[in-house]
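Me: Could you take a close look at one helix pair in this model for me, and then at how the chains meet? I'd like the cut-offs spelled out as you go.

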Amino acid sequence: MAEMVKLFVNGQEVEVEAGKNLIDALQVVGIEIPHFCYHPALGADGNCRMCLVGIEDGRPPLVPACKTPAQPGMKVLLEDEKIKKIQRDIMELELINHPVDCPVCDQAGECTLQDYYMSYSQQDSRMNVEQVHKDKRLDFGCGVVHDQERCVLCARCVRFTRQITKTGELGIVNRSDQARVTIFPGRPLANRYALNIVDICPVGAMTSKDFRFRQRVWFLQKDPGICHGCSTGCNIYIDHHREKYGDDVIYRFRARTNLQVNGYFICDAGRLSYKTENENRQDRTLVDGVEVPLERGIEAALDKLNRARKPLMLVSPDSTLEQLWAIKRIATLYGAVLSGYSDAYVLAGDGDDYLISDDKAANRAGLQLLDIDSGKESFAAALADADLLVNFNNDLFFSPGNEDLQEALEATDQVSVCSHDRPAFSRATVILPCASYSEYGGSIVNRNNVLQRFARAVCRDADPCDIIEITRLLGGAISDNARAWPGLRQSVPALSRIWPERIPVEGVTLNSSEETHVGA
Amino acid sequence: MEVKILSARFDIENANRIDVARQHGAYQTLDTLFAMEQADVIETVKASGLRGRGGAGFPTGVKWGFLPKDTGKPVYLAVNADESEPATFKDRYILVRDPHALIEGIIICSYAIGCHDSYIYIRGEYTSQVKILQQAIDEAYAEGYLGDRVAGRNFRLDVTVHRGAGAYVCGEETALLESIEGKKGQPRSKPPFPAVVGLFGCPTIINNVQSIASLPFIITNGADAYKAYGTEKSCGTHLFGISGHVEKPGMYELPLGLPLAEVIETVAGGVWKGRRLKGVIPGGSSTPVLTPDEVATVTLDYESMAAHKTMFGSGGIVVLDETVDMVKLVENLIAFYHHESCGQCTPCREGLGWMLKIVRRLLAGEGTVADIKLLRELCDNIEMKTVCVLSAACTMPVRSYLDKFRDEFEAYAIDGAPEQTELREG
Ligand SMILES: Cc1cc2nc3c(=O)[nH]c(=O)nc-3n(C[C@H](O)[C@H](O)[C@H](O)COP(=O)(O)O)c2cc1C
Ligand code: SF4
Ligand code: SF4
Ligand code: SF4
Ligand code: FES
């Protein structure tokens, strides 16, 4: 437990964490101190002056809250005419040279400047002289587009490239009201996290080429999710929207803060992986290349399963614990060999020492927990032996390396349960569409053994079934996530005391040496 | 009225050369110095009443006392030779006419605070001055006053000259440190103060050229000899650069405490061409202007200046005669500070440009009385809300002109721009 101190805000006593800066300390007790330049991941810079607060009997009596640690007995003034006037004045100065082109600005609706104008200013413009003009639509690379006129020069973006990626592509050049954010000539942003700048920019000065002008943010439904781009399991917001007469479409992923997993940021590849959820989806049920209703596809699959002497089932390292459990159960039911072979998901050397990991699978740790054999040799042997392969969404050709399996795969009759139309699935005689991770919920374990839960976000018209539902249709006993848990608890020691509904939002670290205890 | 303590060698030909300087007393303090305990040096400087000559007037010995003890980190001295405040031209006299006084002062200060690496940060435009300074430093090395064994003692001291690149803001002590570190010259927000976290994160003392060059006299002659000049609370002498509409502009060393009117009259020869006095900028462009009535009562010391709500700052006195258009002066003033704002913090970055445009509107005859009010209000809105006091260096004087010469601004607002007349001669 952190040390707590008592201090006063507008005369009211509050108890907050000692030593934390006033912005963070008071936020915990629900008191907002407006700020542009401070960001918890980047620290205090002190340039925007929006966070100035009064300190009664203080020397000096006016301090930037971002640079002022909470101290016992301190008398902070916020609801004070003088402080409110300062906030209005700073807002006026922030806005005099601002284009206020909100109607065509992507940030509108989630813009700190807009929000603070409503909360702290609402003052009419007194600007009756020519504004400062700067450059617009600057392509900074990595899909980041900069508008110098909208920039409030908080330097968050600059500090991000210096402190987080340590690549230092951005700087502020020139002085006075000619100051502007820029790149070195011919040296654009070149790092794998650049699009976080768009998230942390408090205004519409940094926009994403990918998202620009595609959707007004107030139409977006912003659901929490977990990125399935690699085994880090970064927390994201899935921002999606169903246009009138249109389908539910994901417009972007954004970083969601989880200090235990990804901090405040995500990688660009993960951020842009939302596209995979929209595109190239396998929504049709196919039997021998002919589209049929799902029931017919299930019948065909059942027929094959019942006749198979040596069925082999392949699971995906992206599947949730619940899905894996359900598949494991029907594998037993049909006496099938079960494999989690998925070397193709590992791109050796691609990871870094920050968020990106080599392993592109979201739940490999889950495979291990459920004791599912993932070896190549055993898979190859089983495949050579099998007369039916049921592939539950495992993309064997995610990356090169499995060409040697081609022949055996071609020689084996296949049922593919898949979310996407990919070469690994297309050879199957029965293709059953299933949901992808934005369309189902469940539990996964990341590379650091953090067990996280996520819920369904998207409901597309095609509405493919969760893999669990497919297993049920194929005769399995598990019909939903909840029904998987008694079995998981019973057979997986690390999960024996886990009640999924009680897993905290930031996840829980599974400890192999002792039982992880959640709730109960 | 003039005295010659700091400026003792100013009029001696070639006193910038070490031989000449030595013939006239340079480096003769060092025996006394090294016989003293470090703490005694600091005490002597405290007792002398010497206050910082960079403008803010902070007691020099007290500042040295803020250095934390035994941090295990090196202590740095950065001498501020950025001298960029308009109307200020005193430090250049020291740099050019008596650089060895500065070097000797650096040895004294470094010994007192335990510094072995000292920097002189000199304004970029001082291109000829930097050569003379560097020559003097080279001579001091050659003669053993700098280097591994200062004056044969077991004390190392290196002095590095760092040239600025033409930014007034780099005279602000923390921007100066950033600049030496090779970063963009932007003030740091304080606390922490440089005495605790300064150059390269180490304890650092920053002093003005004149403050440092005042030390040899104090150590040689003792605190009391220094205090014999000036007033009780404003001790010693100061180099005053008098410019503007006077008969005898120039650089004069004066004891503190003299009546300003008398100084203008007797030292600088009075307002030129028999014209009437309109006002006086007492200490560089950032100090609030004084009206003739105030000039009649103020004396050149910290207290009297404070009582008149101004400062003698950097000692740059500008005398303004009756022909000066105060609105144009203010335009010139804001243009300077706007141009020099580092652009880091919102009020200064955005506000000074706005103020400039408002004054230009007035000058163009398009302004209104409301614009004058807005200008006045902006001074309040910006001042003391910023990271450093550069913004206040603009708003404080602007406010003083608006309050003391309001009618001139209103004339522009009500009657429009006057017919162009030749306002300046000579
Ligand atoms: C914008 C700005 C410019 C300054 N320029 C100078 C300068 O050119 N020379 C100087 O000695 N001090 C300058 N100062 C004051 C320094 O910050 C600092 O107070 C001074 O160098 C301390 O030395 P002193 O105590 O010996 O006066 C400036 C301050 C500000 C805010
Ligand atoms: S940055 Fe904010 S205030 Fe500015 S135009 Fe965009 S939405 Fe409007
Ligand atoms: S672009 Fe955005 S993040 Fe960067 S300085 Fe400007 S406002 Fe701040
Ligand atoms: S007040 Fe002006 S010069 Fe000082 S830090 Fe702020 S913007 Fe820079
Ligand atoms: S948040 Fe404190 S100055 Fe910007």
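Reply: Happy to; here is the helix pair, followed by the chain contact.

This is a predicted model, in which local features need pLDDT of at least 70, side-chain atom pairs count only at pLDDT 80 or more, and totals for chains, interfaces and linings use all residues. Residues are numbered from 1 along each chain as its sequence is written, chains are lettered from A and ligands numbered from 1 in the order in which they are written, and side-chain values use heavy atoms, with hydrogens and water left out.

In chain A, helix α9 (residues 321-333) and helix α15 (residues 481-491) have axes that come within 9 Å and cross at roughly 80 degrees. Helices here are DSSP runs of H or I with at least four residues, numbered from the N terminus, and axes are lines fitted to C-alpha atoms over the stretch in contact, with angles from 0 to 180 degrees between N-to-C directions. The crossing therefore makes α9(A) roughly perpendicular to α15(A) (65 to 115 degrees). From α9(A), Leu321(A), Glu322(A) and Trp325(A) make the contact (heavy atoms within 4.5 Å); α15(A) brings Asn481(A), Ala484(A), Trp485(A), Gly487(A), Leu488(A) and Ser491(A).

As for the chains, 31 residues from chain B and 33 residues from chain A take part in their contact. There are four salt bridges between chain B and chain A (a side-chain nitrogen of Lys or Arg within 4 Å of a carboxyl oxygen of Asp or Glu). Arg349(B) forms a salt bridge with Glu94(A), where the closest N and O atoms are 3.8 Å apart. The predictor gives the complex an ipTM of 0.93 and a pTM of 0.95.

Notes
Helices (H or I, at least four residues) and strands (E, at least two) are DSSP runs, numbered from the N terminus. Angles under 35 degrees count as roughly parallel, over 145 as roughly antiparallel, 65 to 115 as roughly perpendicular and the rest as oblique.
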